[in-house]
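Please look through the sequence and the three-dimensional structure shown here, and keep both at hand while reading the report that follows.

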Amino acid sequence: TYPEDIDNERLILNQLISGDIDKYHIEKRYITRTQTIVWGNLTVSLIQEKERGNPYCLAMIENITKRKQTEAALQQSETQYREKAQELEATLNELQKTQTQLIQTEKMSSLGQLVAGVAHEINNPVNFIYGNITPASEYLQEIIELLQLYEQHYPQPIPEIAEHIDKIDLSFLIEDFQKVLTSMKVGAERIQKIVLSLRNFSRLDEAAMKPVDIHEGIDNSLVILQNKLKDKPGHPEIKVIKEYEKLPLVECYAGQLNQVFMNLLTNSIDALEETFQINSEQKPTIWIKTRSINSTEIQIKIRDNGKGMSEAIRNKIFDPFFTTKSVGKGTGLGLAISYQIVVEKHRGQLNCHSTPGKGSTFTIQIPIKSAITLPSLA
Ligand SMILES: Nc1ncnc2c1ncn2[C@@H]1O[C@H](COP(=O)(O)OP(=O)(O)OP(=O)(O)O)[C@@H](O)[C@H]1O
Ligand SMILES: [Mg+2]
């Protein structure tokens, strides 16, 4: 008998001898005289004959070495197949990830270029307008002074002039002209701000990490999204409540992190718009909360009181191409890209908490210094 099988058989043999059982059946190995191992199918029965006093055993051995070998070979090839399947699955995952990365690179770099181009084109004309408002105000002031001088020295204008003054409502015109210039200035300043945000936003070419003010990034994204937050026919204004704590500068890929803020905020806006169509009692709101967790990490929470999502949806939101939005509206890449940026590029965490009908919260956690030197995707 093969040494490792001895104990096994002894146990069961003792049971036979003590009369607990009257036969047993095991598969075991034997060593032949030529030192090869053979498998046997052993059946042992206890025979008790009335005439004879001592009981004896009747053993029957069938050689099952071939079967055992086939079984072992089968098992091995099954294991091999399983390993192959796992390998294939891993490769598929890897491919999917690469595809997402490629699309991300494509999406971000073309978006970045477009945004940078538009910002540049708008920048010059807006500066003409803005730059001319101050001299225009000064000229207006001088003309007003001149008119006042005329009035002082010729308090009784000839009828034609008096009539014209009446017709154009001179005092109102003077007052309103100044207001017009002021609102032009406010508008031009707003355009300048948007241009600046667009430029900041498109800093995608910045391959190196550098310390940035996270709040500035969030605010830039909000400026870009201003238009979507305003009230529109059928949708009330979306309120944004910022609860910023003092944060240290965070070493990161600024453009990419801005992309994350954009994606999360856009999703919240979409969810709020859909909620409002169903439930007009809601006051659509987005809360943005930032804090330092400890000396090495910061946290950004973006919460909305939109439609929320079911557990089944929530389990899939980070999958590339998963979307519940209609064709053309969503590509299902927003969160997959965000996840990659936060988790893989910044060694952070991106989590989602959501209750259907109540709203969703996305939490970004990133190290202040993410000491990694991954090659840039862009
Ligand atoms: N704040 C949220 N509230 C409710 N559902 C959300 C929210 N954020 C994401 N989701 C769900 O997760 C899905 C995936 O989001 P993701 O941003 O990846 O893609 P998308 O918004 O559909 O398309 P894309 O962002 O590429 O235009 C959405 O279709 C939506 O169902
Ligand atoms: Mg999205």
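## The three-stranded sheet

In this predicted model, strand β1 is joined to strand β2, which covers residues 37–47, by nine bridges, and the two strands run antiparallel. One of these positions can be picked out by name, since lysine 23 has serine 45 in β2 as its bridge partner. The two strands belong to an open sheet of three strands, arranged in the order β1-β2-β3 and paired in the antiparallel way. At the edges of this sheet are β1 (23–31) and β3 (56–63), each of which pairs on one side only. On average, and ignoring direction, neighbouring strands here are turned by 30° against each other.

A helix also belongs to this picture: α1, made of residues 3–17, packs on the sheet and touches β1, β2 and β3, and its direction makes about 160° with that of β1. As general background, strands of a sheet pair through backbone hydrogen bonds, and this pairing can be either parallel or antiparallel.

## The five-stranded sheet

Another open sheet is formed by five strands in the order β5-β7-β8-β10-β9, and its pairing is mixed. Strands β5 (239–244) and β9 stand at its edges with a single partner strand each, so one side of each has no neighbour in the sheet. Neighbouring strands of this sheet are turned by 10° against each other on average, when direction is ignored.

Within the sheet, β7 and β8 run antiparallel and are joined by seven bridges. Tryptophan 287 stands opposite arginine 303, which is in β8, and the side chains of these two residues also meet, for the charged end of arginine 303 sits over the ring of tryptophan 287 at 3.9 Å from its centre. Two helices can be placed against the sheet: α5 lies across β5, β7, β8 and β10 and runs at about 175° to β5, while α8 packs on the sheet by touching β9 and β10, with its direction at about 140° to that of β9.

## The nonpolar cores

Which residues have the most contacts inside the largest nonpolar core? They are Ile214, Ile286 and Ile364, in a core that has 37 residues. At least two residues of this core come from each of the helices α5 (214–229), α6 (254–278) and α8 (334–345), and likewise from each of the strands β6 (250–252), β7 (285–292), β8 (297–304), β9 (349–355) and β10 (359–367). Among these elements, α6 gives the most, with nine residues.

Isoleucine 364 shows how such a residue is surrounded: leaving out residues up to four places away in sequence, isoleucine 364 touches Val260, Phe261, Leu264, Ile298, Gln299, Ile300, Val342, Gln349 and Leu350. There is also a second, separate core of six residues, which includes Leu16, Tyr30, Leu42 and Val44. In soluble globular proteins, nonpolar side chains tend to be buried together.

## Rings and charges

How many aromatic pairs does the structure hold? It holds two aromatic pairs, and one of them joins tyrosine 150 and tyrosine 154, whose ring centres are 6.2 Å apart and whose planes meet at 35°, so the pair is tilted. Tyrosine 150 is partly exposed, with a relative accessible area of 47%, whereas tyrosine 154 has 56% and is exposed, because the exposed class begins over 50%.

The rings of phenylalanine 318 and tyrosine 339 also form a tilted pair, with centres 5.1 Å apart and planes at 45°. Because phenylalanine 318 lies in the loop between α7 (311–314) and α8, and tyrosine 339 lies in helix α8, this pair ties together parts that are 21 residues apart in sequence. Both residues are partly exposed, phenylalanine 318 with a relative accessible area of 23% and tyrosine 339 with 32%. A charge over a ring is found elsewhere too, where the charged end of lysine 345 sits over the ring of tyrosine 253, 4.5 Å from its centre.

## Two helix residues

Is serine 338, a residue of helix α8, buried or exposed? Serine 338 is buried, with a relative accessible area of 0%, and, leaving aside neighbours within four places in sequence, serine 338 is in contact with Val260, Asn263 and Leu350.

Valine 223, in helix α5, is partly exposed, with a relative accessible area of 21%. The C-alpha atoms of valine 223 and isoleucine 302 are separated by 16 Å, and the two residues are 79 residues apart along the chain.

Technical notes. Residues are numbered from 1 along each chain as its sequence is written. Chains are lettered from A and ligands numbered from 1 in the order in which they are written. This is a predicted model: local features need pLDDT of at least 70, side-chain atom pairs count only at pLDDT 80 or more; totals for chains, interfaces and linings use all residues. Side-chain values use heavy atoms; hydrogens and water are left out. A nonpolar core is a set of buried Ala, Val, Leu, Ile, Met, Phe, Trp, Tyr and Cys residues joined through side-chain atoms within 4.5 Å. Buried means under 20% relative accessible area, exposed over 50%, partly exposed in between (1.4 Å probe, protein chains only). Helices (H or I, at least four residues) and strands (E, at least two) are DSSP runs, numbered from the N terminus. Contact means heavy atoms within 4.5 Å. Two strands pair if DSSP finds at least two bridges between them. Axes are lines fitted to C-alpha atoms, for helices over the stretch in contact, and angles run from 0 to 180 degrees between N-to-C directions. Rings of Phe, Tyr and Trp (its six-membered ring) pair if their centres lie within 6.5 Å; planes under 30 degrees apart count as stacked, over 60 as edge-to-face and the rest as tilted. A charge sits over a ring if NZ of Lys or CZ of Arg is within 6 Å of the ring centre and within 35 degrees of the ring normal.
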